[in-house]
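Open the model in your viewer and keep the selection box at hand. We will go from stop to stop, picking residues and looking around them.

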Amino acid sequence: MTVQVSVITTSSLGDRSYLATDGRVAVVVDPQRDIDRVLYLAGAAGVRITHVVETHLHNDYVSGGLDLARLTGARYLVAAADEVGFDRVPVGDGDVVEVSEALRLRAVATPGHTFHHLSYVLDEAIEGGWTATGVFTGGSLLFGTTGRTDLLGAEHAHELAERQHTSARRLADLLPDGAQVWPTHGFGSFCSASQADAPDSTIGREKQVNPVFRLAATEFVPETLAGLDAYPAYYAHMGVANTAGPAPVDLTPVARADAARLRERIAAGEWVVDLRHRKAYAVSHLAGTVSLGLDGPMSTWLGWLIDWGTPVTLLAETPEQVADAQRELVRIGIDRPAAQATGTPRQWVDEPAELRELPLADFPALAAAQAGNAPAGLPAPQVVLDVRLGNEWRDGHVEDAVHVPLPELPRRLAEIPAGTVWVHCGSGYRAALAASLLANAGRDVVLVNDRFDHAEAAGLRLDRSA
């Protein structure tokens, strides 16, 4: 059997983990914390996990590598230069890891995303020799881009960007054009310097399309640094957890909360999160809750905005949706929700007066309202609030709109000008969260549930002066 590489996708965080096997034994690369997915895949393939490797100490999720190694007895490979609080097999540049007679890994130092980052070349035994099938690149060489270089502090970003450029070119020199590239980040992850949507790639393809190969270091570094935008605040906790050694997860059901307990939690300033789609939330929701639907990157935005350690209660239509949310949250270190409730909003209250609606609109409605022809039932906008991130705003925004990036909104609510607020983002997902925060602060708000690329065609004038 030839070596097979299976992808384990965590689309909500924009990451991938991998299981490579020769049909008997397997190596796992950069596993997420909910390792039951990995164990299921290995069991279905009938293989034994003998090695677990980390390309780097991750900043965007809590790793499942240590727990997976404990459960399987696998050797746990972590960069020797990283000081960690657990036993591991230290690995450095040039080390060769013999996984089996048919499969081996070669560690290659590829600093840039972190100082001690390693990539792992996957060699397969063919006709008595070894051939490089591909390379697990972690946060180094990604599809069409590279890993961001500022997560260890802005003061290191320039030096790490230079190293990132050197590291990518080193991989290209070491490997044939046909070698597969298997990155961990880059599928929506904020660990990526920019975004690309290719389903797979090779060294040869990256040489053609990736700026790290098209640009000299003197051009690549400033272009990379200029493109970096804000990243989630919870990243500050991920490296700490991964360095200390994450504990096993507990995905058992959490306690149920009745209407009275939900009111108490909201009154105490805790986060009560409605996981339903934003359209359902708009029709009816429990006053004081926030909208973070499971149809989007719920854990990313919750982890970004919440004061770390604040209790979280989950509201959903079904227990399965609560379980899905729990799984998402443990990946970023929010281990146990305080409570949960399922069903419909009417089941979460004692009095109908505790329910609230949220007006919905689209960009044509906003254009009409600005022209003095607001659709029936919608108040005229006194403020158009754009909660997208800085790079999105600079690419173009509605004329005279107010810009407060969503991560800054909780502490800047008092800065929003008086009057009815029509709030939008790039799709409606982030705007729903912003609208719920504004409504909870007593503001009159309309949610623009529409894609921003429809705005200009709807008749709104865009400012692209930035």
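Contact means heavy atoms within 4.5 Å. This is a predicted model: local features need pLDDT of at least 70, side-chain atom pairs count only at pLDDT 80 or more, and totals for chains, interfaces and linings use all residues. Residues are numbered from 1 along each chain as its sequence is written, and side-chain values use heavy atoms, with hydrogens and water left out.

**Stop 1: the core**

Select Trp271. What does tryptophan 271 touch, not counting residues up to four places away in sequence? Its contacts are Val290, Leu292, Leu302, Leu305, Ile306, Thr310, Pro311, Val312, Thr313, Leu433 and Leu437.

Now widen the view. A nonpolar core is a set of buried Ala, Val, Leu, Ile, Met, Phe, Trp, Tyr and Cys residues joined through side-chain atoms within 4.5 Å. Buried means under 20% relative accessible area, exposed over 50%, and partly exposed in between (1.4 Å probe, protein chains only). The largest nonpolar core here has 51 residues. Trp271, Leu302 and Val423 touch the most other members. Helix 15 (residues 429-440) gives the most to this core: nine residues. In soluble globular proteins, nonpolar side chains tend to be buried together.

A word on numbering. Helices (H or I, at least four residues) and strands (E, at least two) are DSSP runs, numbered from the N terminus.

**Stop 2: helix 10**

Select residues 298-305, which form helix 10. How many of its eight residues are buried? Eight of the eight are, so helix 10 is largely enclosed by the rest of the structure. They are Met298, Ser299, Thr300, Trp301, Leu302, Gly303, Trp304 and Leu305. Show the surroundings too. These buried residues pack against strand 12 (271-274), strand 15, helix 11, helix 14 (409-412) and helix 15.

**Stop 3: strands 15 and 16**

Two strands pair if DSSP finds at least two bridges between them. Select strand 15 (residues 312-316) and strand 16. They pair in the parallel sense over four bridges. Find leucine 314: its bridge partner in strand 16 is glutamine 340.

Add helix 11 (residues 319-330). Strand 15, helix 11 and strand 16 make a right-handed β-α-β unit. A crossover is right-handed if, with the strands pointing away from the viewer, the path from the first strand over the helix to the second runs clockwise. Turn the model and check.

Then look at both faces of strand 16 (residues 339-342). Ala339 and Ala341 are buried on one side, and Gln340 and Thr342 are buried on the other.

**Stop 4: a five-stranded sheet**

Select strands 7 to 11. They form an open sheet in the order 7-8-9-10-11, with mixed pairing. Which strands are at the edges? Strand 7 (96-98) and strand 11 (180-183) are, and each pairs on one side only.

Zoom in on strand 9 (residues 118-126) and strand 10 (residues 129-138). They pair in the antiparallel sense over seven bridges. Glutamate 124 has threonine 131 in strand 10 as its bridge partner. Strands 10 and 11 run parallel, joined by four bridges. Here glycine 138 stands opposite proline 183 in strand 11.

Add helix 3 (residues 154-174). Helix 3 lies across strand 8 (103-109), strand 9 and strand 10, at about 145° to strand 8. Axes are lines fitted to C-alpha atoms, for helices over the stretch in contact, and angles run from 0 to 180 degrees between N-to-C directions. Strand 10, helix 3 and strand 11 make another right-handed β-α-β unit.

**Stop 5: threonine 55**

Select threonine 55, in the loop between strand 4 (48-53) and helix 2. Is threonine 55 buried or exposed? At 1% relative accessibility, it counts as buried. Its contacts beyond four places in sequence include His117, Tyr120, Phe136 and Gly138. The side chains of threonine 55 and aspartate 30 share a polar contact of 2.7 Å. A polar contact is a pair of N or O atoms within 3.5 Å; within protein, one must be able to donate a hydrogen and the other to accept it, and residues adjacent in sequence count only if both atoms are side-chain atoms.

**Stop 6: histidine 397**

Finish at histidine 397, in strand 20 (residues 397-398). With 6% relative accessibility, histidine 397 counts as buried. A polar atom of its side chain lies 3.1 Å from the backbone oxygen of tryptophan 393. Leaving aside neighbours within four places in sequence, histidine 397 is in contact with Asp386, Arg388, Phe452, Arg461, Leu462 and Asp463.
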